[in-house]
Amino acid sequence: MGILSRFKDIMTANINALLEKAEAKNADKILENYLREAKANLEEVKAETAGVIADEMAAARKVDACQDEIDKLQKYAEQAVLAGNDGDAKKFLEAKNSMLEKKADAEKVYEQARANSNRMREMTKKLTGDIQEADAKLQELISKLSVAEQTEKMNELSQKIGTTTYSFTAYEELADAVQKRIDAADAKAQLNQELNSEYDMDALKAKYNVSEQPSAATVDDELSALKARLGK
């Protein structure tokens with residue numbers, strides 16, 4: 001029954017207690033290792049359990065066989081007595097008593113086999129249940145870890161967005177300063193253009209304006225008019 005000692009931890013293993021000893025970040029790894037070992041052991045435990053159950057069944061058949069033989073010997077003894085053959089009856093009774101001793105021994109073997117079988121059944125059920133429980137907890141942990149990873153990514157993204165917003169603000173301030181310089185340069189250029197336009201207009205007017213000096217004909221006319229007023 002080496003299997004009982006080899007897998008005695010299966011009977012005492014507790015998933016929750018196992019997880020309480022583990023750090024949250026390692027819980028999934030611990031469960032994966034537990035499942036891997038437990039599943040590897042399960043088939044062996046099932047095979048051992050089947051063998052122990054077979055031993056129990058064989059021991060039970062021996063007990064039944066002894067009982068059948070005892071019942072037969074008892075009937076033979078009764079028939080011998082009815083036939084008046086006490087000597088034969090005594091032989092049958094002696095054989096029956098011997099068979100009773102064999103039956104007692106067979107019952108002891110059967111009781112031990114049944115105890116072993118029950119323990120193996122409990123072990124197999126315990127291991128199967130623990131594997132199912134561990135599987136469920138592992139899936140739950142995987143889901144929680146997935147959500148946690150998504151939350152961490154969202155937090156990192158939020159931090160990056162916050163930093164980017166700050167960078168955008170600084171960029172906007174710089175752009176405003178540059179635009180002010182551009183506007184100032186444009187204003188200066190526009191002013192210069194306006195001044196130059198006025199200067200060019202004066203030059204253009206001068207090109208076509210008549211001379212401010214009076215012409216000779218005009219002077220003579222004015223002189224004649226002046227003499228007329230003065231009576232000359």
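Colleague: In this predicted model, what share of the contacts between residues at least 6 apart in sequence joins residues at least 24 apart?

Modeller: The model is predicted, so local features need pLDDT of at least 70 and side-chain atom pairs count only at pLDDT 80 or more, while totals for chains, interfaces and linings use all residues. Residues are numbered from 1 along each chain as its sequence is written, and side-chain values use heavy atoms, with hydrogens and water left out. A contact means heavy atoms within 4.5 Å. Among contacts in the protein between residues at least 6 apart in sequence, the share that joins residues at least 24 apart is 82%.

Colleague: Which pattern does the protein follow along the sequence?

Modeller: Helices (H or I, at least four residues) and strands (E, at least two) are DSSP runs, numbered from the N terminus. The protein has six helices and zero strands. Read along the sequence, its pattern is therefore α-α-α-α-α-α.

Colleague: Which residues touch the most other members of the largest nonpolar core?

Modeller: A nonpolar core is a set of buried Ala, Val, Leu, Ile, Met, Phe, Trp, Tyr and Cys residues joined through side-chain atoms within 4.5 Å. Buried means under 20% relative accessible area, exposed over 50%, and partly exposed in between (1.4 Å probe, protein chains only). The largest core has 14 residues, and those that touch the most other members are Leu-127 and Ile-131.

Colleague: Which helices each supply at least two residues of this core?

Modeller: One member of the core is Ile-131, which lies in helix H5. Ile-131 touches Leu-35, Ala-38, Lys-39 and Leu-42, not counting residues up to four places away in sequence. The helices that each supply at least two residues of the largest core are H4 (27-82) and H5.

Colleague: Is Ile-131 buried or exposed?

Modeller: The C-alpha atoms of Ile-131 and Leu-35 are separated by 6.2 Å, although the two are 96 residues apart along the chain. The relative accessible area of Ile-131 is 6%, so this residue counts as buried.

Colleague: How many residues apart in sequence are the parts that the salt bridge of Glu-56 and Arg-121 ties together?

Modeller: A salt bridge is a side-chain nitrogen of Lys or Arg within 4 Å of a carboxyl oxygen of Asp or Glu. In the bridge between Glu-56 and Arg-121, the closest N and O atoms are 3.3 Å apart. Glu-56 lies in helix H4 and Arg-121 in helix H5, so the parts tied together are apart in sequence by 65 residues.

Colleague: By about how much of the helix are Lys-103 and Glu-107 separated?

Modeller: The side chains of Lys-103 and Glu-107 meet in a salt bridge, with 3.8 Å from N to O. Lys-103 is buried at 16% relative accessibility, whereas Glu-107 is partly exposed at 33%. Because they are four residues apart in helix H5, their separation is about one helical turn.

Colleague: Which residues form the aromatic pair, and in which helices do they lie?

Modeller: Rings of Phe, Tyr and Trp (its six-membered ring) pair if their centres lie within 6.5 Å; planes under 30 degrees apart count as stacked, over 60 as edge-to-face and the rest as tilted. The structure holds one such pair, and this pair is tilted, with 5.2 Å centre to centre and 35 degrees between the planes. Its members are Tyr-76 in helix H4 and Phe-92 in helix H5.
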